[in-house]
Amino acid sequence: MSRPLHRGVSGGGWRFSGNSQDYWEDSQMKDRIEKEDVNRNQTNGADHTNSSFKNPFRFLFTENLSSNHKLGDRSFISDPLSPGAVRSWHKAILSFLKLSLVVIVILALTGSFWWTLSITSTSRGQILHGYRRLQEQLVSDMYEIGELSIGLSRVRELDYCSQESGNYVPCFNVSENLAMGFSGGDEYGRHCGSRSKQNCLVLPPTNYRTPLRWPAGRDVIWYANVNITAQEVLSSGSLTKRMMMLDEDQISFRSVSSNFDVEDYSHQIAEMIGLRNESYFIQAGIRTILDIDCGYGSYGAHLSSHQLLTMCIANYEASGSQVQLTLERGLPAMIGSFTSKQLPYPSLSFDMIHCARCHVDWDIKDDKYLVEVDRLLRPGGYFVWTDPLTNSQRSLSNKANLKRWNTVQLSAESLCWDMLPQQDETVVWKKTSKKNCYSKRKSGSPSLCSKHEIEAPYYKSLPTCIGGTHSRRWVPIEERRKWPSQATLSSAELVIHGLGTEEFAEDAINWKSAIDNYWSLLSPLIFSDHPKRPGDEDPSPPYNMLRNVLDMNAHFGGFNAALLETRKSVWVMNVVPTSGRNTLPLIVDRGYMGVLHDWCEPFPTYPRTYDLVHAERLLSLEFSEKPRCHMMDMFTEIDRILRPEGWVILRDSAPLIEFARSLTTHLKWDARVVEIESNSDEKLLICQKPFHKRQSS
């Protein structure tokens with residue numbers, strides 16, 4: 001239907017009446033008159049027009065009114081609705097609007113200036129906070145676009161790895177390292193490359209079973225859960241390797257064997273130090289111990305009952321791994337080669353370093369191995385070495401062994417170590433607590449490192465100089481506060497780490513509250529969308545449901561401290577990312593275990609070794625600005641090291657958590673996003689890895 005040219009509106013609207021032809025002729029006549037007036041004004045008023053552009057505000061004054069609206073012959077003002085008058089009014093209105101706009105702009109700028117000056121620090125914080133949220137949202141969106149653009153292989157669910165990859169550890173492949181030319185101990189080192197990443201999910205062995213809860217799991221593990229043969233269980237090795245028994249589908253660990261007793265051995269070391277027994281280690285300032293080639297962790301397992309924390313390190317082993325079995329028992333351990341690079345621990349980290357037939361030739365490499373021991377030991381700490389080479393009577397019959405033994409003794413002396421009275425095959429050296437000892441040494445002794453040494457190296461070359469002597473953390477173990485008091489650093493100790501007492505106390509309060517909330521969420525009920533019955537309460541998880549905990553971004557170690565304060569029977573591997581602030585010296589000074597790590601690389605551990613993986617603000621740290629790797633690679637690595645039915649807790653900004661939630665479907669995890677009432681900017685992602693079994697062939 002065609003529209004009418006004119007709309008008649010009753011009640012005040014314009015309405016055209018009469019003959020339309022007359023209206024058309026009147027319109028033509030009016031147009032001719034207006035054109036003539038325009039031509040006359042253009043001819044006679046050129047100067048007037050030019051002046052109007054030069055002075056756009058002239059129409060605001062009375063003289064301008066009289067010049068445009070001339071008096072007629074009868075002294076009446078000419079019709080203001082004439083074409084010339086209309087144009088003059090248009091110019092006047094336009095000029096007035098221009099002036100108004102200028103005034104408005106000036107007022108706006110003035111008000112904005114004074115408003116800016118009057119903004120309080122709180123307002124600035126709110127503005128910056130809002131800007132940071134927008135920035136995080138933008139980065140998250142851009143990162144999500146980038147992740148989706150890398151191909152369909154990231155969109156679908158990941159496939160399962162082959163059965164041969166059941167115990168695969170990236171970055172540690174001795175045969176490949178030898179082929180690449182590494183030798184002299186470097187073949188056991190960590191060498192990460194493009195082939196270290198895997199785009200598949202590692203399945204547990206066919207007969208894998210959930211480990212026994214602590215402390216029962218410390219003494220008994222399932223035979224099918226670890227890669228070891230019956231012959232390796234029964235074969236001889238280090239002293240503590242002989243402490244196992246195979247009983248059908250279980251491996252049990254004993255404290256006594258036919259020729260070795262762990263408790264007697266610990267008593268012997270304590271007596272050599274001058275203590276009654278190992279229960280007095282804490283009073284002597286000993287809390288953290290590094291056990292090189294720990295066997296299967298029997299020494300650390302015994303000391304754990306005395307509140308001592310022992311970290312086992314050993315080379316990667318494809319079968320019969322010391323690290324894998326130690327972790328399966330719920331004891332701290334990680335893959336590390338003492339003969340390749342510096343270990344990723346800060347200087348002055350351990351109170352004791354223990355080596356019982358650890359197969360390290362301390363007399364070679366120009367004392368570099370002993371220098372690394374010295375770097376890791378705190379002042380007044382102990383180096384315990386048990387080996388047939390130290391038996392002087394046996395060494396006298398072998399000149400080569402005697403030469404090696406003498407070389408080690410001279411090297412220890414050049415490091416200012418005091419040798420305590422020897423017993424049998426065990427020797428204990430005590431590191432000096434006095435720096436002036438280094439100026440009294442013989443010529444040719446290792447020099448002191450410079451003031452600019454790296455306090456917490458990350459797989460650097462073995463040093464030739466003595467480190468830690470310029471550190472403000474140089475405090476003898478006898479003068480340090482004893483455990484558990486040392487977990488709460490004093491104000492003077494916090495100053496060394498650039499931290500205030502209020503910030504430290506607030507961090508502790510926040511983590512204690514967070515632990516209470518986290519623990520209540522670790523239940524499969526969180527993934528059920530069905531409401532509970534009225535009056536029903538969720539059963540609280542048992543205190544010992546977790547044992548091995550990995551904190552991927554440990555900050556000040558507050559997560560670890562809160563777990564212990566709430567009497568959870570766990571140990572925590574505190575990881576400080578290399579891309580963030582290095583707080584690892586603070587963590588180890590609190591009496592906790594920690595390590596540096598780059599989360600764009602695989603972690604030095606075996607598959608299925610942790611019950612809980614936690615990370616707070618790690619995604620923001622690694623992926624907010626300039627991501628160096630893909631988030632999916634990190635999640636695949638988490639899946640590798642997580643035990644079946646293990647938990648993942650991520651706390652981060654809401655956009656990153658939502659994106660991380662989308663990735664969990666590719667890993668076949670059960671996941672739920674949880675709102676944080678006290679913080680609308682952050683969310684929790686709670687995940688549980690399902691127990692997918694490999695079908696028996």
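# A tour of the predicted model

**Stop 1: a helix pair.** Select helix H16 (residues 501-521) and helix H17 (residues 558-565), which pack with their axes 8 Å apart at an angle of about 65 degrees. This is a predicted model. Turn the view until one helix lies in front of the other. The crossing of H16 and H17 is right-handed. Now show side chains. From H16, the residues that meet H17 are Asp 507, Trp 511, Lys 512, Ile 515, Tyr 518 and Trp 519. On the H17 side they meet Gly 558, Phe 559, Ala 562, Leu 563 and Glu 565.

**Stop 2: the open sheet.** Next, colour the seven strands that form an open sheet. Read them across in the order S8-S7-S6-S9-S10-S12-S11. The pairing is mixed. Which strands stand at the edges? They are strand S8 (333-335) and strand S11 (417-419). Each has a single partner strand, so one side of each has no neighbour in the sheet. From one strand to the next, the twist averages 20 degrees.

Zoom in on strand S10 (residues 377-386) and strand S12 (residues 426-431). Five bridges pair S10 with S12 in the antiparallel sense. Find Trp 385; opposite, in S12, stands Val 427. Then add helix H9 (residues 262-273), which lies across strand S9 (350-356), S10 and S12. H9 runs at about 45 degrees to S12.

**Stop 3: aromatic rings.** Show every Phe, Tyr and Trp ring. How many aromatic pairs does the structure hold? There are 21.

Select Tyr 208 and Phe 691. Their rings are edge-to-face, 5.8 Å centre to centre with 80 degrees between the planes. This pair links distant parts of the chain, 483 residues apart. Tyr 208 sits in the loop between strand S2 (200-201) and helix H7 (216-219), while Phe 691 is in the segment after strand S19 (682-688). Tyr 208 is buried, at 3% relative accessible area. Phe 691 is partly exposed, at 25%.

Move to Trp 571 and Tyr 610, a tilted pair with 6.0 Å between centres and 50 degrees between planes. Trp 571 belongs to strand S14 (residues 571-577) and Tyr 610 to strand S16 (residues 610-616), so the pair ties together parts 39 residues apart in sequence. Both residues are buried.

Now pick out a cluster. Ring pairs link Phe 338, Trp 362, Phe 383, Trp 385, Trp 405, Trp 417 and Trp 429. Trp 385 is the residue that stood opposite Val 427 at the previous stop.

Two rings carry a charge over the face. Arg 329 lies over Phe 253, 3.9 Å from the ring centre. Lys 668 has its charged end over the ring of Tyr 160, 4.8 Å from the centre.

**Stop 4: strand S17.** Select residues 642-653, which make up strand S17. Is S17 mostly covered or mostly uncovered? Mostly covered: eleven of its twelve residues are buried. S16 and S17 run parallel, joined by six bridges. Tyr 610, met above in the tilted pair, stands opposite Leu 642 in S17. S17 and S19 run antiparallel, with seven bridges between them. Look at Arg 651: the bridge partner in S19 is Leu 684.

**Stop 5: Trp 474.** Jump to the loop between S12 and helix H15 (491-496), where Trp 474 has its place. Trp 474 is buried, with a relative accessible area of 10%. Show its surroundings. Among the residues Trp 474 touches are Leu 348, Pro 379, Lys 431, Thr 432 and Tyr 438. Measure to Ser 347 as well: 9.6 Å from C-alpha to C-alpha, across 127 residues of sequence.

**Stop 6: backbone exceptions.** Most residues other than glycine have a negative phi, and most peptide bonds are trans. Four places here go the other way.

- Trp 214 and Pro 215 are joined by a cis peptide bond, omega about 5 degrees. Pro 215 is in the loop between S2 and H7.
- Trp 483 to Pro 484 is also cis, with omega near 5 degrees. Pro 484 is in the loop between S12 and H15.
- Glu 248 has a positive phi, near 55 degrees. It lies in the loop between strand S4 (244-247) and strand S5 (250-253), and is exposed at 72% relative accessible area.
- Leu 348, a contact of Trp 474, has a positive phi of about 60 degrees. Leu 348 lies in the loop between S8 and S9 and is buried, at 0%.

Methods: Residues numbered from 1 in each chain as written. Predicted model: local features only at pLDDT ≥ 70, side-chain atom pairs only at ≥ 80, totals over all residues. Heavy atoms only, no water. Pairing = 2+ DSSP bridges. Helix = DSSP H or I, 4+ residues; strand = E, 2+ residues; numbered from the N terminus. Axes fitted to C-alpha atoms, helices over the stretch in contact; angles between N-to-C directions. Contact = heavy atoms within 4.5 Å. Phe/Tyr/Trp six-rings, centres within 6.5 Å; stacked < 30°, edge-to-face > 60°. Buried < 20%, exposed > 50% of the residue type's maximum accessible area, 1.4 Å probe, protein only. Lys NZ or Arg CZ within 6 Å of the ring centre and 35° of its normal. Left-handed = near helix turned anticlockwise from the far one by under 90°. Lists of a residue's contacts leave out its neighbours within four places in sequence.
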